[in-house]
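Here are a few exercises to work through with the model open in your viewer. Try each task before you read its solution.

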Amino acid sequence: MRVRVLATPDAIARMLARDIARRLARNPRLVLGLPTGLTPIPFYRELARLYRAGRVDFSQATTFNLDEFVGLPSSDPRSYRAFMQRYMFDDVNLPSRRAHFLDGMAADIDRECVRYERAIARAGGIDVQILGIGANGHIGFNEPSDALQARTHHTHLRDATRRANAALFGGRLADVPHQALSMGMATILHAKRVVMIATGASKARSVARMVQGPVTPRVPASFLQLHRYAEVWLDRAAASRL
Ligand code: PGA
């Protein structure tokens, strides 16, 4: 894995946004895989700023979000679709028909997962998958367990993950869904390039296990060691245990 340590979360946001803008200039039809969470917010705000400055164009781009809660309609302000609208999509020229999300209200969950995999394949696969990491080592909603799922699937969220998401639900843990849909490990690992971003001391332990530990389903992010071209962009705090 290529590990890059930058001084601050803002430096990561600025450099990564410029990197994506350059890639879009070279390939306007870029297919991006996108995460939610607190970590990527400065990156999304920076992309919106670059768009306002006329320095990035999403008119031909395609995006696929990593995961979504089960049981929330897309109009719900706590859904990950609403999150993306709020922090980025409302402010850039990405056509909504090319912003793909899993539907947490789908009547047939298994079909919905197959639909998503097919949509990714039809788009030609993901060129750049941006990822965050959970303090428990998850990526997307691939939670630590004895075995991991390869493809997009229905999953039960760990309490640690539900607690980490409680802020989206006004701090009310009881309101955080117990179930979600998520890209699987193969969906993620088949992206041509993977860029993990992690900031803050709370991520230092899972970052060290991801980069230096064994490849294990107990730390789903450790599977990124198997990717040909995985980059890990850290601030100093997140790198402090390497
Ligand atoms: P965070 O979430 O950016 O809010 O820490 C990351 C994740 O759980 O993947």
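The exercises below deal with a predicted model, starting at the ligand and ending at a serine.

**Exercise 1.** Work out which residues surround the ligand and how they split by class.

*Solution.* Start by collecting the shell: Gly37, Leu38, Thr39, Gly132, Ile133, Gly134, His138 and Lys203. Next, sort by class, remembering that Gly counts as polar here. That gives two nonpolar, five polar and one charged residues.

**Exercise 2.** Find the N or O atoms of Leu38, Thr39 and His138 that pair up with ligand oxygen, and say how much of the ligand the protein buries.

*Solution.* Take the side chains to begin with. Thr39 puts a side-chain N or O atom 2.5 Å from an oxygen atom of the ligand. For His138, the matching side-chain distance is 2.6 Å. Leu38 works through its backbone instead: a polar atom there is 2.8 Å from a ligand oxygen. These pairs count as polar contacts because the cut-off is 3.5 Å. Now for the area: on its own the ligand exposes 280 Å², and the protein buries 77% of that.

**Exercise 3.** Which pocket does the ligand take up?

*Solution.* Match the ligand's space against the pockets, and you land on the largest one.

**Exercise 4.** Place Ser79 in the fold, and decide whether Ser79 is buried or exposed.

*Solution.* First, the location: Ser79 belongs to the loop linking strand 4 (67-69) to helix 3 (80-87). Then the accessibility: its relative accessible area is 0%, so Ser79 is buried, given that the limit is under 20%. Finally, get your bearings from the ligand shell, which includes Gly132: the C-alpha atoms of Ser79 and Gly132 are 17 Å apart, with the two residues 53 positions from each other along the chain.

Conventions. Residues numbered from 1 in each chain as written. Predicted model: local features only at pLDDT ≥ 70, side-chain atom pairs only at ≥ 80, totals over all residues. Heavy atoms only, no water. Near = heavy atom within 4 Å. Polar contact = N/O pair within 3.5 Å; in protein donor to acceptor, adjacent residues only side chain to side chain. Areas by Shrake-Rupley, 256 points an atom, 1.4 Å probe, with all protein chains shown as cover. 1 Å grid on protein atoms, 1.4 Å probe; cavity = no way out; pocket = protein on both sides within 12 Å on 5 of 7 lines; lining within 4 Å. Sits in = over half its atoms within 2 Å of the grid points. Helix = DSSP H or I, 4+ residues; strand = E, 2+ residues; numbered from the N terminus. Buried < 20%, exposed > 50% of the residue type's maximum accessible area, 1.4 Å probe, protein only.
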